[in-house]
Amino acid sequence: MASNDGKAITPDTERLPIAREFRRSPSRKSAVKNKDALIAAVILAPMILWWLVLSGFPTLFGFILGFFEWIGITGSPKFVWFHNYVRFFQDPQYYQALWRSIWLGGLVTSITLIAGFGASLLMNMPLFGKGIYRSIWYIPAVTSTVATTQIFNILLDTNNGVINNFLVSIGREPIVWQYSVFWGVFWIVVYSAWKGIGGAALIWLAGLQSVDTTLYEAADIDGAGRWAKLMNVTLPGLKPIATYIVITSLIGAIQIYEQVLFMTNGGPYGQTEVLVFRIYRDAFWDFNLGMAGASSLIMAVIVFTATSLYYRWSTESDRRTTTRRRGGKRV
Amino acid sequence: MRKITALTGSMLLTVALAACGGGGNSSGGAYPSPGGAQPADTSKTAEPSESGGATTITVLNEGAVSIGVGKLDDLFAAKEKEYKDAGTDIEYTPGSPVQTFPLQYQKIMSAKLKEQNISVNTEDWGWGEPLIQKQTAGFLAKNIPDIIVGETQMPGFAQQGLLEPFPDDMADYVRENVSPAAWKPMELDGKIYGLAAQPGVSSLYWNKKLVEQAGIDPDKVITTWQELRDNAKAVTEAGGGKFYGGGVYAAPNFGGYLRYGALIAINGGAFSDENGQPAFNSAQNAETVALLRDLNKAHPPGLMVNNNEGSYFDAWNKGQIAYLIDGPWRVQESATAGLDLGMAPIPLSPGGKAANVTIGAAFHAVPKDAKHKEAAFEYIKVMYSKEIQQLVADSNTRSPILKEIGESKEYQDKHPEMYLHYQAMSGDVMGLPTFTKDNSKAWQIWGDAVVKSMMTDGDIQTILDDAQKRAEMVTK
Amino acid sequence: MSSSELTKKIAVQFKPKYLFAHIVLLGFGLLLLYPLIFMVSVGFFSKEEFMTTVLGLLPFPKNPTWSNYLVLFNGSADAAIQKYFLNSTLRTIYSTFWALLTALLAGYVFARLKFRGREQLFLALLATQMIPATIALIPTYLQFARWPFAGGNNIFTGGTGILDTWWVYLIGGPSINIMGAFLVKQSIEKVPYELDEAAKVDGAGTFRIIFQILLPLQMPIMAFIAITTALGTWNDFITPFFYTSSDHLQTLPAAITRLSSAAASPGAVPNWPLIITLSLGTTLPALIMFFFFQKYIVQGLANTGIKG
């Protein structure tokens, strides 16, 4: 049933922009707008209010604490204006951790998405057992981080680890992973990619399947090669799903924390320490909720800025592709 | 929409204020002011017991004695059945070996507390990081059991004034009759805030087989740092990459600090001064770190600073390192792993004197906000009762803390290794300090400096000076 | 399909291009699977043997034991696995139901209704997903503890609020599922607006449009949201661990954390084979669920209004 519906509602290419224009049209009566607003309020208000009480308020509370100095559970909070924020950008333990979060998150996102894309191209072929492949690739995503990082640690242990045992058995020198920033980052990225690649492949696959097949036929008629089809049909068609997947992966990757805690614990000498790690330590070990709140807000602002810029850029180009004016100026 | 926003805003504000009333503002009232001495909140201690005359206290579990969560009396049957199914003898007579330690421990606790009309409800809040997380939140919300348990975080809680000090008569009794390892780390400004029923301190262990292969007499006890250095080097050379000298775990985490902390103390160094400010760069500390650097060369690369404590002890269990500084459980663990083991007090530095750090201790304490403080202190009293301590003695994995039992002739004869450990517990024993501010950052700076000293050839004093400077910036 | 089509399809599988795909997908798939295969074989170790064995690429114990797997299915005196399993299941069903309902309704509003500040409101909601969850943990705990009139509280103080009650699982239900709404919004925007218009002309109200016209078209996307929510809830251990203490409220992941922390008591060597077996066991129901629904997920995502 579901698959039929999926096909049945595939609209022709002209319809979507029309619908959009229709909605944007200034000639619409404000009465309709008011009625819409009323319905929207009735539906949204309860769930958003409830959300505000349960999630919004605690988060806001955490942010507000960013303007206080509150040392120790029994200490009393003292309002210190932007003191915590100033400290954030003066203390290398913070701004370096932020920088690490950003590039580590970027690295993890790009590797996961690129590898996932490659896998999805293969999974999109009419292969036997593709359901099994999908499941196998997705399995790491369902496992618990605590247990699987432990497995990675067993595999990677310098002294008795499976990989070093193997290296020694083929006559190589064992590698001392924890001496090196490179290997620390390497394994954090490998672990994160291991866990994320199946999910990414799945979403890409969905994107591939939604690309209008008639466009490929048209390209065939034009005599386009495989590469040209990928560049001119597949990739542009994937852009909207790329918006979703890039944004969600980036949000996830920049908050990487558990794998760092369990795999390198920030070592060597704090060279792999990420910001969420710091926030966690501030909140629970040092009970410095002021710094934890300030760091969270700074992080949220940075991620949000990046995300909304990307969102805007990608919806703009989405509009361009839907009106088939790729590369040209928007009319 | 605007109305909604305004409404939401004002509502948020109301809720925020209300929550402050519950969580923050009360710090002026029931919460003690930080650092300062505060009068005990007597109205709470005098709380009437529950109907029927019996008081039920809530106690956090500690893994070594846990038999499950819930009403203690309801747990015995299931646990007994489990032991029976596994073919384990559930009988126990004091003075003879015990196979069902947690069960017997809880049975004694339950019986002795029943005499005073107290029953126990256990909860499990985990251990390590999750435990600290939950305790922090519990303290803030004043939703905290009558007895809490923990390791390195507990002195910090005491420092913040979150714990109730032992009543004076109880504290006097403890000082007089109980081994310092059990309470010294929890002593602050002349008051005792917590107690561990079966703490550990570190000793030197060696794998006799490996030591012998290096041509060293496996039964000779080494007493100086120099001997430790030389022997570790000799074993490493004899091992030719198959096994190593070993020494002590020194990763930048509490597992490391707790173990080489004993070496720091022996050499007369310290992590902090009396005011909770870092004291990283003393000459004594530099000497100790120099020893660590030498010992690192007697380890498989990276092992000594491996973040995973498990990996280090794994290497010991697999017969890959010859020397080890660790707690008393090592005796039994090594027996399980089939190692022939030597045990002695930790060697001393030139001019150093015996000292130690409590390790693997589950400190039990009564929070200020506990609902049944008197009953909770009764619980702690049972922990150092003769019956419980006899049980600990019989377990042969830890030493009793009650002097009466630990110093008895019978104990010396029956458990020579654990008696050695008992003696170490009775010496100069301390806990790890808590820095006044941003504790974890200060520790991390220290830990990283030690790792850097071990992994590079840089001048140790310079590295420690630098760490000191950075740590001061954080804690001041 | 006819038999000739089938043979054609089989023949295609042996073309170089297809063989290459099979090899890559299977090869890398096994590589991805390797840590889990490793976990399965670790499950046969006893704690003692695990302690003393130098592990190879695929270790198998000399004296294999079923005891870890038995605990997984029967529980132990300390852990009633069946009870935790039931709690996990109930909680998962409840959260999934609400996630679907709120995502559908909110997705509809953001896709179809015109009101001032719509885009801003949506972006604001999306922005909240970028805040590290750690920051809200302590405030939420306080909020639960101070919940008015609950658990012995007079207005805000005196009791334990809704901590350690079923409410900590139930209370979050009706609040908006933002990521789900994002997906539903994308998906509904792809559905021609004329469908709504036609229904309106027939006199259908908003809720009839949502549930009778749009919902059937959103079934695949709903399957995707259901799976991700269900997996997330199933694996979540923070909520049960942090906000409850009683045994009767624990879920599988929380119970496993507890078992492993019991093993991590001072000085003890953790029983890794048991912990690893249990965490593997926790993911099993999730895996089965995924295997049966993965088809829907792909179709679900394909519906998100992605047009070339």
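## Strand pairing around E10 of chain B

In this predicted model, strand E8 (residues 203-207) of chain B is joined to E10(B) by four bridges in the antiparallel sense, and within that pairing Leu204(B) has Ile325(B) of E10(B) as its bridge partner. Strand E10 (residues 321-326) of chain B also pairs with E9(B), here in the parallel sense and over three bridges, with Leu324(B) of E10(B) serving as the bridge partner of Gly247(B). E10(B) is mostly covered, since six of its six residues are buried.

These pairings belong to an open sheet of four strands in chain B, which has the order E9-E10-E8-E11 and mixed pairing. Strand E9 (244-247) and strand E11 (341-344) of chain B stand at the edges, and because each has a single partner strand, one side of each is left without a neighbour in the sheet. From one strand to the next, the twist averages 15°.

## Strand E3 of chain B and its partners

Strand E3 (residues 118-123) of chain B shows side chains that alternate along its length. Ile118(B), Val120(B) and Thr122(B) point to one face and are buried, whereas Ser119(B), Asn121(B) and Glu123(B) point to the other face and are not buried.

Strand E1 (residues 55-60) of chain B runs parallel to E3(B), and six bridges join the two; in this pairing, Thr58(B) has Asn121(B) as its bridge partner in E3(B). Strand E2 (residues 70-71) of chain B, by contrast, pairs with E3(B) in the antiparallel sense over two bridges, and the bridge partner of Lys71(B) in E3(B) is again Asn121(B). Asn121(B) is thus named as a bridge partner both of Thr58(B) and of Lys71(B).

## The largest nonpolar core

The largest nonpolar core holds 299 residues, and those that touch the most other members are Leu195(B), Ala250(B), Trp446(B) and Tyr141(C). Helix H9 (residues 181-210) of chain A gives the most to this core, contributing 14 residues. In soluble globular proteins, nonpolar side chains tend to be buried together.

The surroundings of Ala250(B) can be described residue by residue. When its neighbours within four places in sequence are left aside, Ala250(B) is in contact with Gly256(B), Tyr260(B), Leu292(B), Met304(B) and Val305(B), and also with Val450(B) and Met454(B).

## The contact between chains A and B

Chain B provides 46 residues to its contact with chain A, and chain A provides 36 residues. On the side of chain B that touches chain A, helix H1 (2-23), helix H5 (129-140), helix H12 (309-317) and helix H19 (439-455) of chain B each supply at least two residues. The largest share of that side, eight residues, comes from H19(B).

## Met299 of chain A

Met299(A) is found in helix H14 (residues 289-322) of chain A. With 25 other C-beta atoms within 10 Å, Met299(A) is buried, because a residue counts as buried when 20 or more such atoms lie within that distance.

Not counting residues up to four places away in sequence, Met299(A) touches Leu98(A) and Leu275(A), and it also touches Pro132(C). Met299(A) and Leu250(A) lie 49 residues apart in sequence, and their C-alpha atoms are 12 Å apart in space.

## Chain C and its packed helices

Chain C has 15 helices and zero strands. Of the 308 residues in chain C, 49% are buried, and among the contacts in chain C with a separation of 6 or more, 66% are accounted for by residues 24 or more positions apart.

Helix H5 (residues 81-112) and helix H12 (residues 219-235) of chain C pack at an angle of about 140°, with their axes 9 Å apart. H5(C) and H12(C) are therefore oblique to each other, because angles count as roughly antiparallel when they are over 145 degrees, and the crossing of these helices is right-handed. H5(C) enters the contact through Ser88(C), Arg91(C), Thr92(C), Ser95(C), Thr96(C), Ala99(C), Leu100(C) and Ala103(C). H12(C) does so through Met222(C), Ile225(C), Ala226(C), Thr229(C), Ala230(C), Thr233(C) and Trp234(C).

How values were computed:
Residues are numbered from 1 along each chain as its sequence is written. Chains are lettered from A and ligands numbered from 1 in the order in which they are written. This is a predicted model: local features need pLDDT of at least 70, side-chain atom pairs count only at pLDDT 80 or more; totals for chains, interfaces and linings use all residues. Two strands pair if DSSP finds at least two bridges between them. Axes are lines fitted to C-alpha atoms, for helices over the stretch in contact, and angles run from 0 to 180 degrees between N-to-C directions. A nonpolar core is a set of buried Ala, Val, Leu, Ile, Met, Phe, Trp, Tyr and Cys residues joined through C-beta atoms within 7 Å. A residue is buried if 20 or more other C-beta atoms lie within 10 Å of its own, exposed if 12 or fewer, and partly exposed in between; C-beta atoms are placed from the backbone. Two residues are in contact if their C-beta atoms, placed from the backbone, lie within 7 Å. Angles under 35 degrees count as roughly parallel, over 145 as roughly antiparallel, 65 to 115 as roughly perpendicular and the rest as oblique. A crossing is left-handed if the near helix is turned anticlockwise from the far one by less than a right angle, and right-handed if clockwise.
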